[in-house]
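Visitor: Please choose one part of this structure and take me through it closely, giving the cut-offs behind each term as you go.

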Amino acid sequence: MSDGDVPTDHDHPPHEAVTERENGREVASGEFTLEEAAEAIIFAADESVPADRIAEIVAEVTGRTQPSEDEVSAAVGRLNEAYEDQGRALVIKRWAGGYRMATRSSLAPFVKTLFVDEQEVSLSRSLMETLSIIAYRQPVTRPEVDFVRGVNSDYAIRKLLEMDLVSVEGRADSVGRPLLYSTTNRFLEQFGLDSLDDLPTLREVEDLLDDPAFDDERVRLLQLDREEEVSIDMLDQDPRPEGAQPDGSEED
């Protein structure tokens, strides 16, 4: 980014000191920059924070004019430039319509090792198929998902609901008023998307599937799908011995 694109400290001076309490609410004291405020808010948040929300918080705390969304975006850009110049491990990404602090992808092995004891949740082929259909055709009903997949998707949709990757958005106007499903902000965050417009086109997906490098991933997904099907079959099996009655007694 050229010097003309990046505002200088003179253009964005630190906020001046304000009183400790104003009109019965807490306000900040001392001087700070918009970058510092944005960094603190994004760091403390458990989910993506929109630029307008950051601006609202800054105005509420300081009692001063609310910065514009462009000013917040520029401040985040300066933070990322500083992280990169200093070789920091952090980066602020724009996911699900807001900002979220993350570690650089090159450092993923260290973070993954830290959480090695936690259960890693993977999406089987059936879940990924169902999620893809919902993502590209939302809002969509279960019968519509079943029609595209050619199989019953009740289990897959229930699992995706449990994982908070999809949610119920209402009911369709068709006969029976079936539920309508859409993806969630968690879906965007988990797949590193700012909005649904960032989804790859169907042509890009086809090119990916045709890539020989995807063969190993395809084999892994098929294995996960087979393991899932075995688990479902075991749950569906009647554990009682042949001839046993529901109360545990044997047939005469």
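Guide: What follows is a close look at one sheet and at the parts that surround it. The model is a predicted one, in which local features need a pLDDT of at least 70 and side-chain atom pairs count only at pLDDT 80 or more, while totals for chains, interfaces and linings use all residues. Residues are numbered from 1 along each chain as its sequence is written, and side-chain values rest on heavy atoms, with hydrogens and water left out.

The sheet is open and consists of three strands in the order β5-β7-β6, with antiparallel pairing. Its edges are formed by β5 (140-141) and β6 (166-171), each of which has a single partner strand, so one side of each is left without a neighbour in the sheet. Helices (H or I, at least four residues) and strands (E, at least two) are taken here as DSSP runs, numbered from the N terminus, and two strands are said to pair if DSSP finds at least two bridges between them. Between β5 and β7 (residues 179-183) there are two bridges in the antiparallel sense, and in this pairing Thr 141 stands opposite Leu 180 of β7.

Helix α5 (residues 125-137) packs on this sheet and touches β5, β6 and β7, its direction making about 95 degrees with that of β7. Contact in this sense means heavy atoms within 4.5 Å; the axes are lines fitted to C-alpha atoms, for helices over the stretch in contact, and the angles run from 0 to 180 degrees between N-to-C directions. In the loop between α5 and β5 lies Pro 139, which is joined to Gln 138 by a cis peptide bond with omega about -5 degrees.

Helix α5 also takes part in a salt bridge, a term that stands for a side-chain nitrogen of Lys or Arg within 4 Å of a carboxyl oxygen of Asp or Glu. Glu 129 and Arg 149 form such a bridge, with their closest N and O atoms 3.1 Å apart. This pair links distant parts of the chain, since Glu 129 belongs to helix α5 and Arg 149 to helix α6 (residues 142-149), 20 residues apart. Glu 129 has a relative accessibility of 33% and counts as partly exposed, which is the class between buried (under 20% relative accessible area) and exposed (over 50%), computed with a 1.4 Å probe on protein chains only.

From α6 a further connection leads to α7. Arg 142 and Asp 154 form a salt bridge in which the closest N and O atoms are 3.6 Å apart; because Arg 142 lies in helix α6 and Asp 154 in helix α7 (residues 154-162), the pair ties together parts that are 12 residues apart in sequence. Both residues are partly exposed, Arg 142 with a relative accessible area of 30% and Asp 154 at 31% relative accessibility. They belong to a network of salt bridges that links Arg 142, Asp 146, Asp 154 and Arg 158, and a search of the whole structure finds nine salt bridges.

The loop between α7 and β6 leads back to the sheet and holds Asp 164. Phi of Asp 164 is near 60 degrees, a positive value in a residue other than glycine, and Asp 164 is itself partly exposed, with a relative accessible area of 40%.
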